[in-house]
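Let's take a friendly walk through a protein model. Have the sequence and the 3D view ready, and follow along one part at a time.

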Amino acid sequence: MLRKVLVLNQNYEPLAITSAKRAISLLYLNRVQLVERYACEIHSVSLALPCPSVIRLHSYVHKPYKEVVLNRKNILKRDHNICQYCGKNSQPMTIDHVIPKSYGGKDTWENLVCACIRCNTKKGNHTPDEVGMKLMKPPRKPSHLFYLQSMISKAHQTWKPYLFLE
Ligand SMILES: [Zn+2]
């Protein structure tokens, strides 16, 4: 009952993560359809139920997605703690302004990246072009899938197709 369950909207868009207990009551109330299951069963006094892994709502819900908060922790998470200049994962990491503040660079998802101390020092107060450095990929604002994707672990292989991780 401690397993987590991925909830999909009626159109298969990932919505949330819930508890197995909640998922089972939604299944029981016929509000959702069982899409994927874990290889186990939940036993009650009279019956054995499949362990839900992915469920889908029968009717579409309009849900305004929460904006991902722009902060140091989420920048590092988005970039998987990998320096966006050299690709290394050497702790501790810093946050680099791609266009330096002194050049008018803003605190935005598109201008902040995870960088190792070595690259950050090398780049200094310059644009990447000025010092011949290149970003591995253009930094972007994470989508609402970000939180769900970051909660993925090996235990949730069955979720991957629905979170576009395959
Ligand atoms: Zn680096």
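Start with the metal. A zinc ion is held by the SG atoms of Cys83, Cys86, Cys116 and Cys119, at 2.3 Å. Keep in mind as you look that this is a predicted model.

What is the arrangement of the four donor atoms around the zinc ion? The arrangement is tetrahedral, because the donors subtend angles of 104 to 115° and four donors earn that name if all angles lie between 85 and 135 degrees. For comparison, the ideal angle for four tetrahedral donors is 109.5 degrees.

Now find the donors of the zinc ion in the sequence: along the chain they follow the spacing C-x2-C-x29-C-x2-C. Are cysteine 116 and cysteine 119 buried or exposed? Both of these cysteines are buried.

Next, turn to the sheet. Four strands form an open sheet in the order 2-1-4-3, and their pairing is mixed. Strand 2 (14-19) and strand 3 (32-43) are the edge strands, each pairing on one side only. From one strand to the next, the twist averages 30°.

Here are two of the strand pairs, each with a pair of residues that stand opposite one another.

| Strand pair | Bridges and direction | Opposite residues |
|---|---|---|
| Strand 1 (residues 4-8) and strand 2 | Five bridges, antiparallel | Leucine 6 and isoleucine 17 |
| Strand 3 and strand 4 | Eight bridges, antiparallel | Glutamine 33 and arginine 56 |

In the second row, glutamine 33 faces an arginine that belongs to strand 4. How many residues does the hairpin use to join strand 3 to strand 4? The hairpin passes through four residues. As you trace any strand, remember a general rule: in a regular strand, side chains alternate between the two faces of the sheet.

A helix belongs in this picture too. Helix 1 (residues 20-28) packs on the sheet and touches strand 1, strand 2, strand 3 and strand 4 (48-57). The direction of helix 1 makes about 85° with that of strand 4.

Finally, visit a loop. Glutamine 91 is found between helix 2 (72-78) and strand 5 (93-97). Why does glutamine 91 count as exposed? Its relative accessibility is 54%, and exposed means over 50%, so glutamine 91 counts as exposed. Glutamine 91 and asparagine 81 are ten residues apart in sequence, and their C-alpha atoms are 8.3 Å apart in space.

Notes
Residues are numbered from 1 along each chain as its sequence is written. This is a predicted model: local features need pLDDT of at least 70, side-chain atom pairs count only at pLDDT 80 or more; totals for chains, interfaces and linings use all residues. Side-chain values use heavy atoms; hydrogens and water are left out. Two strands pair if DSSP finds at least two bridges between them. Helices (H or I, at least four residues) and strands (E, at least two) are DSSP runs, numbered from the N terminus. Axes are lines fitted to C-alpha atoms, for helices over the stretch in contact, and angles run from 0 to 180 degrees between N-to-C directions. Contact means heavy atoms within 4.5 Å. Buried means under 20% relative accessible area, exposed over 50%, partly exposed in between (1.4 Å probe, protein chains only). Donors are N, O and S atoms within 2.8 Å of the metal (3.2 Å for Na, K and Ca); water is not among the atoms, so sites may look incomplete. Four donors count as tetrahedral if all angles lie between 85 and 135 degrees; four count as square planar and six as octahedral if opposite donors are over 155 degrees apart and all others between 65 and 115; anything else is irregular.
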